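The following paragraphs lead the reader through a single protein chain, from its strand pairing to its interior. Please keep the sequence and the model in view while reading.

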Amino acid sequence: MHDEPIKYTVKDLSELGRFIEFMPGPIYIKSVNSVYLYINQFALKASGLHKYDSIIGKNDYELWPTEFAEQIVRHDQEVFSARKPIINKEESVLQPNGKTIYFNVIKIPIFDNYNNLIGIIGNSIDITDRK
């Protein structure tokens with residue numbers, strides 16, 4: 001694993017968003033307050049919601065029942081506290097249709113050019129079929 005922190009400007013994040021829109025798998029960018037700033041089309045589909053604005057600008061407590069939100073935010077806080085990635089953590093979300101979806105997640109801290117932590121980028125791999 002690369003030891004140097006990932007550093008981005010706002011312009012870089014915008015360009016990164018255009019790139020990851022078409023990468024397979026749910027990918028998202030969240031602020032240090034765990035607010036969703038960007039999700040790709042696969043993250044939208046995995047959420048069970050139908051519009052980007054149903055997620056963008058909201059935190060996990062606004063999207064999921066408390067028990068699901070707490071585990072997601074706890075993993076976010078691990079990344080923020082350690083300032084290092086987490087790999088292979090399990091998370092789950094309850095979709096609006098009542099189905100629980102399980103994910104193996106990777107979350108990586110994002111730093112600006114001044115080494116300030118500005119958020120995380122995450123990838124969630126659906127492992128529901130393994131449950």
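Two strands are said to pair if DSSP finds at least two bridges between them. With that criterion in hand, one may turn to the model, which is predicted. Strand 2, residues 27–31, and strand 3, residues 36–39, are joined by 3 bridges and run antiparallel. Within this pair, Tyr-28 stands opposite Ile-39 of strand 3. The two strands form a hairpin, with 4 residues between them.

The wider arrangement places this hairpin in context. The protein chain contains 4 helices and 6 strands, and their order along the sequence is β-α-β-β-α-α-α-β-β-β. Of its 131 residues, 42% count as buried. Among contacts in the protein chain with a separation of 6 or more, 43% are between residues 24 or more positions apart. The accessible surface amounts to about 7,700 Å², and carbon and sulfur atoms hold 53% of that surface.

A second hairpin is built from strand 4, residues 86–94, and strand 5, residues 100–111, which pair in the antiparallel sense over 8 bridges. Here Glu-91 has Phe-103 in strand 5 as its bridge partner. Between the strands of this hairpin there are 5 residues, and Gly-98 takes a positive phi near 90 degrees.

Strand 5 also holds Asn-104. Which side chain makes a polar contact with the side chain of Asn-104? The partner is the side chain of Asn-88, at 3.3 Å. When neighbours within four places in sequence are left aside, Asn-104 is in contact with Asn-88, Lys-89, Asn-123, Ser-124, Ile-125 and Ile-127.

Positive phi values also occur at residues that are not glycine. Ser-34 is not a glycine, yet has a positive phi of about 60 degrees. Its place is the loop between strand 2 and strand 3. Is Ser-34 buried or exposed? With a relative accessible area of 3%, Ser-34 is buried, because the limit for that class is under 20%. Asn-115, likewise not a glycine, has a positive phi of about 65 degrees. Asn-115 is located in the loop between strand 5 and strand 6, the latter spanning residues 117–126. The relative accessibility of Asn-115 is 33%, so this residue counts as partly exposed.

The interior can be examined for enclosed space. Rolling a probe the size of a water molecule over the atoms reveals where empty space remains. How many cavities of 30 Å³ or more does the model contain? The count comes to 1 cavity, and about 220 Å³ of space lies in the largest cavity. The lining of the largest cavity consists of 16 residues, of which Tyr-28, Tyr-36, Trp-64, Val-93 and Ser-124 are the closest to its centre. The elements giving two or more residues to this lining are strand 3, helix 2 (41–47), strand 4 and strand 5. Helix 2 gives the most, with 4 residues.

Several residues already met recur at this cavity. Tyr-28, which stands opposite Ile-39, is among the residues closest to the cavity centre. Ser-124, one of the contacts of Asn-104, is also among those closest to the centre.

Definitions and conventions:
Residues are numbered from 1 along each chain as its sequence is written. This is a predicted model: local features need pLDDT of at least 70, side-chain atom pairs count only at pLDDT 80 or more; totals for chains, interfaces and linings use all residues. Side-chain values use heavy atoms; hydrogens and water are left out. Buried means under 20% relative accessible area, exposed over 50%, partly exposed in between (1.4 Å probe, protein chains only). Contact means heavy atoms within 4.5 Å. Accessible areas come from the Shrake-Rupley method with a 1.4 Å probe; for residues, only the protein chains shown count as cover. A polar contact is a pair of N or O atoms within 3.5 Å; within protein, one must be able to donate a hydrogen and the other to accept it, and residues adjacent in sequence count only if both atoms are side-chain atoms. On a 1 Å grid over the protein atoms alone, a cavity is a set of points where a 1.4 Å probe fits but cannot get out, and a pocket is an open set with protein on both sides within 12 Å along at least five of seven lines; lining residues have an atom within 4 Å of a point. Grid points are joined across faces, edges and corners, and a volume is the space filled by probe spheres set on the points.
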